[in-house]
Amino acid sequence: MATVDKSQLSEQEYSSLCCAYAALILHDDKKETTEDNLKKLLSASSNKVNGTFVKMFAKAVEGQDIEELLSSMTAVAPAAPVEEVVTEKKGKADKEEEKKEEKKEEEPEMEGFGGIFGDDE
């Protein structure tokens, strides 16, 4: 696991990580993930997190099965290889270019208006 100094994290990233780890600790101890329990644990660990963020985090996980959330995270499909993504984007760009060419071919030419707008070309 890579390590990042907490000074390099934004306040939101730091708060999110603190709350997530606190929720995991509470789950591991078979305690409810409530706002009060999160605040107690964060305070005991000397982590300062905005109270509003703790409240929102507690609301977000309220009634959630942490075990289910953890198992669903491991079931995520792996990311597509870079080559496929680049090829797919190139294919879309080619299709868009073809559509533009077709539109140009479909536009009727305005001939025979003999200088209505001051040009006799």
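**View A. Lys30, the residue with positive phi after helix H1.** In this predicted model, Lys30 follows helix H1 and has a positive phi, near 60°. The helix that precedes Lys30 comprises residues 11-28.

**View B. Helix H1 along its length.** H1 contains 18 residues. From its first C-alpha to its last, H1 reaches 26 Å, close to the 26 Å expected at 1.5 Å a residue.

**View C. The buried residues of helix H1.** Seen along the sequence, Tyr14, Ser15, Cys18, Cys19, Ala22, Ala23 and Leu26 are buried in H1. These residues lie on the same side of H1, because they cover an arc of only 160° around the axis. An α-helix has 3.6 residues a turn, so residues three or four places apart point the same way.

**View D. Packing of helix H1 against helices H2 and H3.** The buried residues of H1 have two packing partners, helix H2 (35-44) and helix H3 (51-61). Among the H1 residues that are buried are Tyr14, Cys18 and Leu26.

**View E. The protein as a whole, as context for the close-ups.** Five helices and zero strands make up the elements of the protein, and their order from the N terminus is α-α-α-α-α. The protein has 121 residues, of which 14% count as buried. Its exposed area is about 10,700 Å², with 52% supplied by carbon and sulfur atoms. Among contacts in the protein with a separation of 6 or more, 48% involve residues 24 or more positions apart.

Note on methods: Residues are numbered from 1 along each chain as its sequence is written. This is a predicted model: local features need pLDDT of at least 70, side-chain atom pairs count only at pLDDT 80 or more; totals for chains, interfaces and linings use all residues. Side-chain values use heavy atoms; hydrogens and water are left out. Helices (H or I, at least four residues) and strands (E, at least two) are DSSP runs, numbered from the N terminus. Buried means under 20% relative accessible area, exposed over 50%, partly exposed in between (1.4 Å probe, protein chains only). Contact means heavy atoms within 4.5 Å. Accessible areas come from the Shrake-Rupley method with a 1.4 Å probe; for residues, only the protein chains shown count as cover. The expected span of a helix is 1.5 Å times one less than its number of residues. The arc is that of the directions from the helix axis to the C-beta atoms.
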